[in-house]
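Here are a few friendly notes to read with the structure open beside you. Take them one at a time, and find each residue before moving on.

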Amino acid sequence: MASGSPDDSGRQATLPWTPGDVSESATEALQALDTYKKKDPSKVVVRFKAVGNAPIMRQNFYKITASNRFQAVIQFLRKELGWKAGDPLFTYINLAFSPAPDDTVSNLYKSFATEGHLIVNYSTTAAWG
């Protein structure tokens, strides 16, 4: 052995996990992933309110699947109003902010629900910043 080189004979590397832990961790990870992939069947009550010169809907309360992205709410609103994809539509939560289309309805509801409803204001022009 060359002088100055460490002597590794008789030493064992200590790992923070053992090989048995890997399969257990992998199983837990796969279960967590399966849980994440499952669609949440619960529904959220969404209340639509017109702002400015936007047309008022005859029915403004709808139950929407909580696992949907907000983009689905926008598409639903466009369909109910009979608007094309190019027609201007601005949406806001509680007259305060415009959510990202990839936010989930569930997260928006948990954070910003008012009296058991997720209030979505809509307008044909930009109403708030």
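1. Let us begin with a small detail: how far does the backbone nitrogen of Asn107 lie from a polar atom of the side chain of Thr104? The distance is 3.2 Å. Keep in mind that this is a predicted model, so this value, like the others below, is computed from predicted positions.

2. Now look at the surroundings of Thr104. This residue sits in the loop between strand 3 and helix 3. Is Thr104 buried or exposed? Its relative accessible area is 16%, and buried means under 20%, so Thr104 counts as buried. Leaving out residues up to four places away in sequence, Thr104 touches Ala66, Ser67, Asn68 and Arg69. Arg69 is 35 residues away from Thr104 along the chain, yet their C-alpha atoms are separated by 4.2 Å.

3. Step back to see the whole chain. The protein chain has 3 helices and 4 strands, and along the sequence they follow the pattern α-β-β-α-β-α-β. Of its 129 residues, 25% count as buried. Among contacts with a separation of 6 or more, 62% are between residues 24 or more positions apart. The chain exposes about 9100 Å², and carbon and sulfur atoms supply 53% of that area.

4. Helix 3 (residues 105-112) deserves a slow look. Val105, Ser106 and Leu108 are buried there. Why do these three belong to the same side of the helix? They cover an arc of only 165° around the axis, which puts them on the same side of helix 3. As a general reminder, an α-helix has 3.6 residues a turn, so residues three or four places apart point the same way. Turned away from the buried side is a face that carries the exposed residues Lys110 and Ser111. The cover over the buried residues includes strand 1 (43-50), strand 2 (61-65), helix 2 (70-81) and strand 4 (118-123).

5. Next comes the largest nonpolar core, which has 21 residues. Which of them touch the most other members? They are Phe48, Leu118 and Tyr122. Strand 1, strand 2, helix 2, helix 3 and strand 4 each supply at least two residues of this core, and helix 2 gives the most, with 5 residues.

6. The aromatic rings are worth finding too. There are 4 aromatic pairs. One of them joins Phe97 and Phe112, a tilted pair with 4.9 Å from centre to centre and 55° between the planes. This pair links distant parts of the chain: Phe97 is in the loop between strand 3 (90-93) and helix 3, while Phe112 is in helix 3, 15 residues apart. Phe97 is partly exposed, at 27% relative accessible area, and Phe112 is also partly exposed, at 33%. Elsewhere, ring pairs link Phe48, Tyr62 and Phe76 into a cluster.

7. Finish with Ser123, which is found in strand 4. How accessible is Ser123? At 1% relative accessibility, Ser123 counts as buried. Its side chain reaches the backbone oxygen of Thr125 at 2.7 Å. Setting aside neighbours within four places in sequence, Ser123 is in contact with Val51, Ala54, Pro88, Leu89 and Phe90.

Conventions:
Residues are numbered from 1 along each chain as its sequence is written. This is a predicted model: local features need pLDDT of at least 70, side-chain atom pairs count only at pLDDT 80 or more; totals for chains, interfaces and linings use all residues. Side-chain values use heavy atoms; hydrogens and water are left out. Buried means under 20% relative accessible area, exposed over 50%, partly exposed in between (1.4 Å probe, protein chains only). The arc is that of the directions from the helix axis to the C-beta atoms. Contact means heavy atoms within 4.5 Å. A nonpolar core is a set of buried Ala, Val, Leu, Ile, Met, Phe, Trp, Tyr and Cys residues joined through side-chain atoms within 4.5 Å. Rings of Phe, Tyr and Trp (its six-membered ring) pair if their centres lie within 6.5 Å; planes under 30 degrees apart count as stacked, over 60 as edge-to-face and the rest as tilted. Accessible areas come from the Shrake-Rupley method with a 1.4 Å probe; for residues, only the protein chains shown count as cover. A polar contact is a pair of N or O atoms within 3.5 Å; within protein, one must be able to donate a hydrogen and the other to accept it, and residues adjacent in sequence count only if both atoms are side-chain atoms.
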